[in-house]
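Biologist: Could you take a close look at one part of this model for me, and tell me how it sits with its neighbours? I'd like to get oriented in the whole protein before you zoom in.

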Amino acid sequence: MSKPRVAIFDFACCEGCQLQIVNLEEEILDLINLVDVVEWREAMSEQSHDYDIAIIEGSITRPEDEKRVLLIRSRAKILIALGACAATGGVNKLKNNFDMKEVRQCVYGKDADLPHLDTYPTKAVDEIVEVDYKIHGCPIENSEFARVIRALLLGKRPMVPDYPVCVECKAKENVCRWEYGETCLGPIIRAGCGARCPTAGFRCFGCRGYVDNPNVEAAREVMAKYNLTEEDLKTRMVLFGSKQGPTL
Ligand code: SF4
Ligand code: SF4
Ligand code: SF4
């Protein structure tokens, strides 16, 4: 039986999620034995138009990106958005809070009007094409990447947590960051990172995006208990696509 053909592509991103794949170290060798990697700019020079699974890292930020992502979708049976940039737009969506001309001038100065530096408001991959699976996080958890790929190879639907970070945080018996007067976004953000930030002593700032059905009422109750306001929470929701989130 032939192995599934996998291609990995990048758009606007820091490539940190691809680095997380490489960081799988020994496990990456096991995974690579189970698939046929036909294109991966970060790791090989070969290219291919023939693949079963396309993995896209990065956001769509230019008109030509849109054409490219449509082409990738047309060739792939399964399309995976890898990391916050691809799955939700990630930090790249910060730019959408500004005028695009201003953004170009800020970054490129006198060259801002050159045609190849054209840019438009950032989009997540699923704002252009259908995405079959999303691997969340900035960066992704590489164990989750391995789990998703293994599930797909077994013909199963990968499990993506649809409960909030607080669940994992409480299981670790962390002292809640709200106790320190910090506006942790755990109640409304998708779990799957093992509450990485609160466990390390930081608030969750939302890199895995909003959980599908955030318990907004419970979040309001928590805020009231800690004398924090809805505005406090909203101002902390800027980094990872605040405009997509629930109205609190
Ligand atoms: S999601 Fe974060 S780590 Fe991954 S490519 Fe985007 S900016 Fe980099
Ligand atoms: S709000 Fe943050 S620190 Fe508090 S329980 Fe939830 S994830 Fe943990
Ligand atoms: S705790 Fe929040 S910000 Fe930190 S890794 Fe998890 S989802 Fe991302």
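**A close look at strand β3**

Modeller: The protein has 248 residues, and a compact globule of that length would have a radius of gyration near 18 Å; this one has 19 Å, which agrees. (That radius is taken over C-alpha atoms, and the globule rule is 2.2 Å times the number of residues to the power 0.38.) Bear in mind that this is a predicted model, where local features need pLDDT of at least 70 and side-chain atom pairs count only at pLDDT 80 or more, while totals for chains, interfaces and linings use all residues. Residues are numbered from 1 along each chain as its sequence is written, with chains lettered from A and ligands numbered from 1 in the order in which they are written.

Along its principal axes, the C-alpha trace spans about 55 × 50 × 25 Å. There are 10 helices and 5 strands to find your way around (DSSP runs numbered from the N terminus: H or I of at least four residues, E of at least two). Across the protein, 38% of the residues count as buried (20 or more other C-beta atoms, placed from the backbone, within 10 Å of their own).

So much for the overview; on to the part I'd pick. Strand β3 covers residues 53-57, and 5 of its 5 residues are buried, so it is largely enclosed by the rest of the structure. In a regular strand the side chains alternate between the two faces of the sheet. In β3 both faces are covered: Ile53, Ile55 and Glu57 are buried on one side, and Ala54 and Ile56 are buried on the other.

Who are the neighbours? β3 is joined by 5 bridges to strand β1 (residues 5-10), and the two run parallel (pairing takes at least two DSSP bridges). Glu57 of β3 turns up again here, as the bridge partner of Asp10. Strand β4 (residues 78-82) also runs parallel to β3, again with 5 bridges between them. For a landmark on that pairing, look at Ile55, whose bridge partner in β4 is Ile80.

Now zoom back out. The domain assignment (automatic or from a database) gives domain 1 as 5-153 and domain 2 as 165-237. Their C-alpha centres lie 27 Å apart. Where they touch, 8 residues come from domain 1 and 6 from domain 2 (contact being C-beta atoms, placed from the backbone, within 7 Å).

Terms used:
Two residues are in contact if their C-beta atoms, placed from the backbone, lie within 7 Å. A residue is buried if 20 or more other C-beta atoms lie within 10 Å of its own, exposed if 12 or fewer, and partly exposed in between; C-beta atoms are placed from the backbone.
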